[in-house]
Structure formats: C-alpha cells, structure tokens
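Open your viewer, get the selection panel ready, and follow along one stop at a time.

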Amino acid sequence: MNAFWMICTGILVAVSCSSLGSFLILQRKTMLADAISHAVLPGIALAYLLSGSRSPFFMMFGASVSGVFTAFLVEWLEKKAGVQTDSSIGVTYTWLFAVGIILISAFAGQTDLDQDCVLFGELVYVPLNKVEFAGFRIPLQTLQLVPVTGLVFAFIWLFYPALKVYSFDPSFARMRGLRGLLLHYLFMTLVSLTTVFSFESVGAILVVALLVVPAVTARMLTGRLSLLLLYAALFAVASVLGGYAAAYALDNTLSACIALCSGLYFALVFGLKQLFLQRVQKKLFTTGPEGSEVRV
Amino acid sequence: MNAIEVQQLHVSYQDKPVLWNIHFQVPAGVNYAIIGPNGAGKTTLLKALLGEVKPALGAVRFFGHPLDEVRSRVSYVPQRQLVDWDFPVNVLDVVLMGRYASRGLLARIHRSDRERAMEALASLGMVDLASRQISKLSGGQQQRVFIARALAADADLYIMDEPFAGVDLQTEKIIVEILHRLKKEGKTTLTVHHDLTTVNEYFDGVIMINGRLVACGPVAETFRHDNLSETFGGKLPILESVIQQSHKNPVQK
C-alpha cells in the first residue's frame, strides 16, 4: 500500500510539473521556474512566522506571494534596470533564498520549520503522514497535490489559446490587447504553488527535473502543442514508474532514481532521433532532392 | 480622418536618445513607408507607436483615439526573426492567433475564425500549407504567415516591420498585391521599408527618419534628393541613381 501512495504522489507531481514545464520551455523560462522554486522560501517562512501554523492554506499563500514577487522582480530588473534575464534571475533568487534562510535560522528555536523540510522532501516519507479523508486514510501530501494538479489542468484548459499565442509571440499578443503580463503572473503563481507542494513531497531536484526534462524530451518528438503536453506527461509518469522500479531493484534513493530515469529517457530519445535524422539525410542525398522545400 | 497622428514623440533607451521630436500624420486609406538608415530608429518608432516602448514625451493617436481605445482596429506584422520558428504549431494555428488574441485571456476558437483564417491564407496563396508545421517553411512563407495572421485580425490599420526583407520574388509580389487590395478596401498600411528603388512603385507616401523626422508626405513631393541625402547622409551618387531609376521607370523592376 505504501508503494501505491508513493507512486500516486509521484504521478501527481509528474503530471502537473511536466504540463507547466511544457509551456516554460517554450517561453524559455525554465530558469525562472528554478528560481521561483527556491525563492518561495522567505514567503513560506514569513507565512509560518506570522500565522504560527503550517497549514497548507498559509503555506500556499506565502509561496504564491513570494513566487509572484520573484517573477515581478526579475521582470522589473530586466525592464527598468536593463539587467540581462539570466543575471536578473541570479540576483533575485539568491537574495530571496538568503532572506528565507536568515528568517528561518533567526527563528529556528521557536519553530519546527527548517529549510530541510521545505526543500528536501523525500517520496519515501510521504506515506508516513496519513489523514482521514472520506473514510480512507490517505497521505496528507498526496491529498494536497490533488487540487494543485486540478488547478494546473483547469488553468491550461481555460487559457489554452491565450497561452499559445503568448508563448509563441508575446509582443504580438500584447499589441493585439492580450493581457500577457497578467497571464504571465497567473502562470508564475501556479508554478510557485506547484513547486512548493511538490518540493514537500518529492524534493527540489526532482521538481526541477520534472519541470524541464520530460517537456524537452517530448519536444524532440512532436510539432504540435497538444501532443507536446501529452507526451511530456507520459514521459514524466514513465519516469516515476521506471524510477520506482530502479530504486526498488537497486535499493537506492527514490527521488534521485526518478530524476535519473527522466534523464535516461531524454538521452534515449535524443540518440534515436539523431540516428533517424542521419538515416533520413543519407537517403535525401542518395535519392536526390525531391522537394525544394525540404530543409536539411 | 488621419489613421495615425504623432506629436512631439521623443524616445530614449536608458540614457541614450533614439528618437527626437517625431511628428507626422498618415491619412486613412493609403500605403505609407517608413525609410531611414540602419539605427535610425525605425523599429523603435513602431514600438513607440504600438505602446511597446514608452515614449519620454509625445502623443500618438490612431483614428483620433489613444491606442488602447482602438487596439482592435490596429494590426501588426513584426519582424519574423523575433519568434521561434521551431515552436510546435502549424500555419493555421499561427494565423488563428490573429483572430483571438484581441479577445482576452479566455478566448476560444470558433468555426468562423477558422474560415476567416483560411481566407487570409488564401489571399497569400498558402491554403495548401495550412497544416504544415511552421519549422518547415521558407523565409518568404514565414513572412506570408505573419501577414496572414495580421489580415485575419480584420483591422483598419496594418503596421508592418520590414515585410520585404529577405523574401523571394513571389512573396514580394504577393505582399504588393495585398498592399493594393487593402488600399482598395479603404485600409491603411504603414510599412518599414529598406529598398529605396521600390518606394515609388509600392507606396503612396513616405516618412523619412534619421533619429529625427526629415520629411513626411506623398512620395512625389517628399521622396526627393535633398530629403534622401539628409536622411541617409553622404552617399550622394548612389542616392542620385536611386531617385533617377525609381522615377524614370516606376513599374519596371
């Protein structure tokens, strides 16, 4: 039964992270997600210190506020101070992360919150903390991830066309009156929420891995956005399953095995695609150019 | 009625001034070109007109209104190098963006949008490429997709940034046809243009800038030697031949 809950939790994280990740890689903002995932720390610490509770509601609130604040600060430094995107991300998140750590250290005596429990979750511990829900005993973290995943799906479904045009050509979208910045901040709120809840259950490296790797792998296989989302989710879920099997067989860390697995799928797809392209190119030049529009 | 009215427009990036005191008017129902040397601020001018760059000073009005009130009447063709042509969408997807981008974040795509998008593609001779992935397009085809997207928006004013840059002859002909057709329908176009030899043939009016406004008006009166040399600086012999050529045989090219 524990295995079931671990895999369940992993799949929820996999699906929501890979869906958001698909848009992140298209917008070239994966580093921003990485930054947000660290910069939520001060928000969580403040929410905890002010409310005195570790209830999901306050965590969610604190995380969203600091996540959006990060996105805002990065945008602001870029636009107003003319700092390059990658540099402004580096400046912003290291600073916020430091503030978070200082807050936690300063008040560590009075709290049971430390950076470990925010940043280094481990899937294996998920089944330890169960709560009663609708007559079943379900791990709290699995339960929390259900509405988060639901929110990710609802968001993508509601804003799909807008996300498409905004990701492809943000300046055209703005020109035509689309409120791209609002969409951007909504999206970043969701990224913050998802990363915080996923962190707690599966740890930092796995969250970043699941945000980026399955989407990049899927990107090599399709030229359609809807299929990109589907394939990314499939690769993410397959990573969870494969990772679980590997961890079981090798008696090793589960989160790391899942991250490793997603990397292996990437390498596999990349290798196969290169092989396929080589074949096609050889064929092209042995049979002669057929269509003038074929680009090599 | 003027399609565009610009007054005292000043734009700077950080502490570097790019445009000084630009002022001009583009009447409705004409094809206008913006010309100027590299670094003259042509793209910046478009960005300032469209609110993408905030001017330090000055006002822009479209059909007598600020842009935010008439956004749906203004469409835009950006430089095609600015987007990722590997993006996982097909040609029709991109053209559809012209339909729904102005409808807000919750926009849906209707059947009428698809029909209108296909019409726009037809006018650019691209119907058979509708389901092609955009990474498999040539440069000229990319440009036509962008123009189709702008047309699908059914605007009254079309602002285009270098649509003729690096396109094949067929695409150039098609774009010129589109310019003529839009004018016939009473629409206005404003195009950043780089090929001086075709200004006379393709456009009714010309705006000449080089950091500041040199001249603006109908081609016959404005596209003259003195204005050109003021816009482009020293290279007089070349400019001389350009003007002679374009005025002597305006159609032949």
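## First stop: chain B as a whole

Colour chain B by pLDDT, the predictor's confidence in each residue, from 0 to 100: the mean is 90, and 92% of the residues reach 70 or more. For the complex, the predictor gives an ipTM of 0.88 and a pTM of 0.88.

Before you click further, a word on conventions. This is a predicted model, in which local features need pLDDT of at least 70, side-chain atom pairs count only at pLDDT 80 or more, and totals for chains, interfaces and linings use all residues. Residues are numbered from 1 along each chain as its sequence is written, chains are lettered from A and ligands numbered from 1 in the order in which they are written, and side-chain values use heavy atoms, leaving out hydrogens and water.

Now switch to a cartoon of chain B: it has 10 helices and 9 strands, taken as DSSP runs (helices H or I, at least four residues; strands E, at least two) and numbered from the N terminus. Its C-alpha atoms fill a box of roughly 50 × 40 × 35 Å along the principal axes. Buried residues, those under 20% relative accessible area (1.4 Å probe, protein chains only), make up 54% of the 253 in this chain. Among contacts (heavy atoms within 4.5 Å) between residues at least 6 apart in sequence, 68% join residues at least 24 apart.

## Second stop: Ala3(B)

Select Ala3(B), in strand S1 (residues 2–13) of chain B. Is Ala3(B) buried or exposed? It counts as buried, because its relative accessibility is 0%.

Next, show what surrounds it. Beyond its neighbours within four places in sequence, Ala3(B) is in contact with residues including Val26(B), Pro27(B), Phe62(B), Leu157(B) and Thr188(B). Add Ala28(B), also a contact of Ala3(B): the two are 25 residues apart in sequence, yet 4.6 Å apart in space, C-alpha to C-alpha.

## Third stop: a patch on chain A

Move to chain A and select Phe69(A), Phe72(A), Trp76(A) and Trp95(A), which form a nonpolar surface patch with about 450 Å² of accessible area together. Patch members have over 30% relative accessible area and no salt bridge, with nonpolar side chains (Val, Leu, Ile, Met, Phe, Trp, Tyr) joined within 5 Å.

Which helix gives the most to this patch? Helix H3 (residues 56–80) of chain A does, with 3 residues. Finish on Trp76(A), which lies in that helix; it counts as partly exposed (between 20% and 50%), because its relative accessibility is 42%.

Technical notes: Patches are made of residues with over 30% relative accessible area and no salt bridge: like charges are joined within 9 Å, nonpolar side chains (Val, Leu, Ile, Met, Phe, Trp, Tyr) within 5 Å. Accessible areas come from the Shrake-Rupley method with a 1.4 Å probe; for residues, only the protein chains shown count as cover. A salt bridge is a side-chain nitrogen of Lys or Arg within 4 Å of a carboxyl oxygen of Asp or Glu.
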